[in-house]
Amino acid sequence: MRGKARVVIVGAGFGGLNAARALAKAQVQITIIDRKNFHTFQPLLYQVATAGLSPGEIAAPIRSIFRGHDNVEVLMSEVTGFDLDRRIVHTSETEITYDYLIVAAGATHSYFGHDDWEASAPGLKTIEDALEIRRRVLLAFELAERQSAAGETTSALNFVVVGGGPTGVELAGTLAEISRYALAHDFRSIDPARTHILLLEGGPRVLPTYAEDLSRSAEEQLNRLGVEVRTSTLVTLVEPGAVHVGDTRIPATVVLWAAGVAASPLGTKLGAPVDRAGRVLVQADLSLPGHPEVFVIGDLASAKDEEGKMPPGVAPAAIQEGKFVAKVIREELEAGPKSNSKRPPFHYWDKGSLATIGRAAAVAQFGRIHISGFVAWLSWLFIHIFFLIGFRNRLLVFIQWAWSYVTYERGARLITGSTYLPGWSAPETNGAVTAVHNPAEEIHSGAPK
Ligand SMILES: Cc1cc2nc3c(=O)[nH]c(=O)nc-3n(C[C@H](O)[C@H](O)[C@H](O)COP(=O)(O)OP(=O)(O)OC[C@H]3O[C@@H](n4cnc5c(N)ncnc54)[C@H](O)[C@@H]3O)c2cc1C
């Protein structure tokens, strides 16, 4: 590889992976560094969280994606910082030099300064998050069944989802769906169909980035699935077993957080200005001011076009940005060091937005064309399966989906790890499962059958 330019890519999410794929055939040596050994297809995380799919079906080993490219090296490591003057990436174990650097470390949850809420209200960003949500949701039903079977008074199962963006909407809709269909006949002492699903949104409508008619339609579709939606409702406190909205305490068996996104903290290590969400302010060509050899892309970048518009934090934006910087690097290397050609600005091509809500329920916005319901859901389904990495995964997910559509089955209903659910007292202490919620405060009666 001597003599070849070395491109280091931090993060093998949508941005990093597509940059690497677009560069893999060029005369460069690529090093991809990710803290995980796999790429996660985040749009289907909610399916893992709600037991519809298994983790392996929505993830792909990074190493196997680049099996056929000898010039692509994959390192599983945590990037801890950068020395931009010496062109060095620091990882937890070593230092790696580069000629070009692409930073695509993505985003994480934001609890708006209340990080202590995370223990009571997990968010959904990683496979680990999805498995923790799945554990809590399934455990809640088991604990309630055990409590009821022991003759104890059973509290209502109240699931509260905080945040009415696409993730909150799909989580709430799918929770309603599994409690009413997939689990409906599997318990003997409780009636899962009476689970109360509450979606809290701080703004005046759900899916605020969509057109108003689609927000209205999404809310109606959620209602039809059995979700109670409360808009203009700001959560002021989350504690084990409850969320607070001002003076109102809402008992919650499981709380899920889908309200805030913050850029990866790695962005601040680049020494460039960041916006309020921690996104790195990049130039029109997605490079760092004063460092044309360093690019920041995807959810970590704040890239404004000439009209001051920023691409949304979605997979197509990260993919397009990854391909764009790969092209810039390739053309620059081909033109040679003497070339003084000016780089073009990045332009985001908005192909439309889709949000799923549940079985045969979704909204889609393609410019002026707005679609709701089954057709939107079908488009969502095919587009998401199409973009999954790997033929095996696509086939598996398609079969799983078709099967669960016909049978209402959800095959990944495994509770693994701890049997502790925040907000429930340990059953071992008194021989029976006892909820800490005050039944008098129940917002919906989920009484035993
Ligand atoms: C639940 C959920 C649902 C979504 N649904 C949709 C959808 O339906 N449609 C859509 O278009 N978009 C959706 N998105 C958004 C989309 O997934 C993101 O916009 C996209 O993943 C951003 O790509 P990225 O490359 O910037 O970051 P990511 O894909 O997040 O990748 C970042 C990578 O960086 C790695 N990394 C981070 N920090 C470090 C470090 N310090 N050292 C080493 N590695 C590191 C991570 O392990 C990860 O692999 C969804 C997101 C979530 C969380």
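Colleague: Which helix gives the largest share of the shell around the ligand?

Modeller: This is a predicted model, in which local features need pLDDT of at least 70 and side-chain atom pairs count only at pLDDT 80 or more, while totals for chains, interfaces and linings use all residues. Residues are numbered from 1 along each chain as its sequence is written, and side-chain values use heavy atoms, with hydrogens and water left out. Helices here are DSSP runs of H or I with at least four residues, numbered from the N terminus, and the largest share of the shell, 3 residues, comes from H7.

Colleague: How many residues surround the ligand?

Modeller: A residue counts as near the ligand if one of its heavy atoms lies within 4 Å of it. The closest are Gly15, Asp34, Gln42, Val79 and Asp299, and the residues that surround the ligand number 29.

Colleague: Which residue has a side-chain N or O atom 2.8 Å from an oxygen atom of the ligand?

Modeller: A polar contact is a pair of N or O atoms within 3.5 Å. A polar side-chain atom of Glu78 lies 3.2 Å from a nitrogen atom of the ligand, and a polar backbone atom of Gly313 lies 3.1 Å from a ligand oxygen atom. The side chain with an N or O atom 2.8 Å from a ligand oxygen atom belongs to Gln42.

Colleague: What percentage of the ligand's accessible area does the protein cover?

Modeller: Accessible areas come from the Shrake-Rupley method with a 1.4 Å probe. On its own the ligand has 1,000 Å² of accessible area, and the part covered by the protein is 90%.

Methods:
A polar contact is a pair of N or O atoms within 3.5 Å; within protein, one must be able to donate a hydrogen and the other to accept it, and residues adjacent in sequence count only if both atoms are side-chain atoms. Helices (H or I, at least four residues) and strands (E, at least two) are DSSP runs, numbered from the N terminus.
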